[in-house]
Amino acid sequence: MSSTKRKEPLLYMEEHRVKEDPQDYGLADDVFNMEVFKKKLQVAIIRNDEDGLEFDMIGVYPAIANAFRRLMLSEVPSMAIEKVYIYNNTSIIQDEVLAHRMGLLPLKADPRLFAYRTEESSEAGTEQDTLEYELKVKCTRRKDASKDQSNFDDIYKNHKVYSGHLKWLPKGKQAQIYSESMVNCIHEDILIAQLRPGHELDLRLVAVKGLGKDHAKFSPVATAYYRLLPQIKLNREVTGKDAYLLQSCFSPGVIGIDENECAYVKDARYDSCSRNVYRYPQLEDSVTLGRVRDHYIFTVESVGSLKPDVIFLEAVKVLKKKCRAFIDEIEAE
């Protein structure tokens, strides 16, 4: 991030309305300029681990921020179970409910290693565009179980069907390219069904590459959202009981209290802007709540097949490809 101080365009959150800064005319009269945009654009990574990514995107238009959010949700591909062939289902779960449940199981398979199925593709699929699995589970009563036992784990065998029961069936040379740990379910303890003696499941599952805009099961993110950076300013000194009351009006960690029992803004970043402070007449004039209009805090949580930072980079590639196609159309005319 740049160390130079920039003028932040603000939105003020009053009790019953959101008010714009009188010196800020918003985006209505802004003329887009690429050089100015590149100077204003800043990206700062706050947290990046296996399950989640939090980063700040500063100096961008709302449409650009929303474009990245929608691309991550809808147009970054992933692998998911598309067809379920049910040869035997004597459980209490209806076939269509069971098939829907299988489609929502998250797979580890990296979608970048596979091709899309086309209309010309055969129903069986190929090793380049299809993954196959089978699920064969039969519930039986344990022979050594006594009549006095009440724990189902001690009485029945395979009475709970988990995602770990799925068995990968390699197609062609897939076994030489991928290992079972690369294409199986991300979590092996996802409960699919509960069985009783006499119940049996015999399924064949076909997974393909798809997009979230076609079905939510293909979305690579558990959630992807953004919010504006909160800004909190104390207008006067708040001490004693009022300081603790002020602290309770905000999310934990936002307002701190020093050794003199005087309130101060500790970290406004994680404030939810609930405006609870306006419930108390003695406090409503003590703070000014605002949001920085062009500072977006992105949070991306991956399902698991792709890392969160990879999902964002793939979204950038998708947007770049769309822009290139649009420019080509304009130039062709």
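Biologist: Is F312 buried or exposed?

Modeller: This model is predicted, and the values are computed from it. F312 has a relative accessible area of 14%. Buried means under 20%, so F312 is buried.

Biologist: How many aromatic pairs does the structure hold, and what kind of pair do F68 and F312 make?

Modeller: The structure holds seven aromatic pairs. In the pair of F68 and F312, the ring centres lie 5.2 Å apart and the planes meet at 45 degrees. Planes under 30 degrees apart count as stacked and those over 60 as edge-to-face. An angle of 45 degrees fits neither, so the pair is tilted.

Biologist: How many residues apart are F68 and F312?

Modeller: F68 sits in helix α2 (residues 62–74), while F312 sits in helix α8. The pair links distant parts of the chain. The separation is 244 residues.

Biologist: Is F68 buried or exposed?

Modeller: The relative accessible area of F68 is 10%. The limit for buried is under 20%, so F68 is buried.

Biologist: What kind of aromatic pair do F114 and Y178 form?

Modeller: Their centres are 5.2 Å apart. Their planes differ by 25 degrees. Planes under 30 degrees apart count as stacked, so the pair of F114 and Y178 is stacked.

Biologist: Which residues form one aromatic cluster?

Modeller: F68 and F312 both belong to this cluster. The full list is F55, F68, Y226, Y296, F298 and F312.

Biologist: Now to charges. How many residues apart are R236 and D285, whose side chains meet in a salt bridge?

Modeller: The N to O distance in this salt bridge is 3.2 Å. R236 is in the loop between β13 (221–234) and α7 (240–248). D285 is in the loop between β15 (263–265) and β16 (287–302). The two residues are 49 residues apart.

Biologist: Which of K317 and E314 is buried, and which is exposed?

Modeller: The side chains of K317 and E314 meet in a salt bridge at 3.3 Å. They are three residues apart in helix α8 (residues 308–332), which means about one helical turn separates them. K317 has 52% relative accessibility, so the exposed residue is K317. E314 has 14%, so the buried residue is E314.

Biologist: Which residues are linked with K19 in a network of salt bridges?

Modeller: K19 meets E14 in a salt bridge of 3.2 Å. Both K19 and E14 are partly exposed. The residues linked with K19 in the network are E14 and R17.

Biologist: How many disulfides does the structure have?

Modeller: A disulfide is a covalent bond between the sulfur atoms of two cysteines. C185 is buried at 5%, whereas C323 is partly exposed at 40%. A search of the whole structure returns a disulfide count of zero.

Biologist: Which are the edge strands of the open sheet with the order β5-β12-β6-β10?

Modeller: Four strands form this sheet, and their pairing is antiparallel. An edge strand pairs on one side only. The edge strands are β5 (78–89) and β10 (167–169).

Biologist: Which residue in β12 is the bridge partner of L135?

Modeller: Strand β6 (residues 131–138) pairs with strand β12 (residues 200–210) over eight bridges. Their pairing is antiparallel. The partner of L135 in β12 is L203.

Note on methods
Residues numbered from 1 in each chain as written. Predicted model: local features only at pLDDT ≥ 70, side-chain atom pairs only at ≥ 80, totals over all residues. Heavy atoms only, no water. Disulfide = S-S within 2.5 Å. Buried < 20%, exposed > 50% of the residue type's maximum accessible area, 1.4 Å probe, protein only. Salt bridge = Lys/Arg side-chain N within 4 Å of Asp/Glu carboxyl O. Pairing = 2+ DSSP bridges. Phe/Tyr/Trp six-rings, centres within 6.5 Å; stacked < 30°, edge-to-face > 60°.
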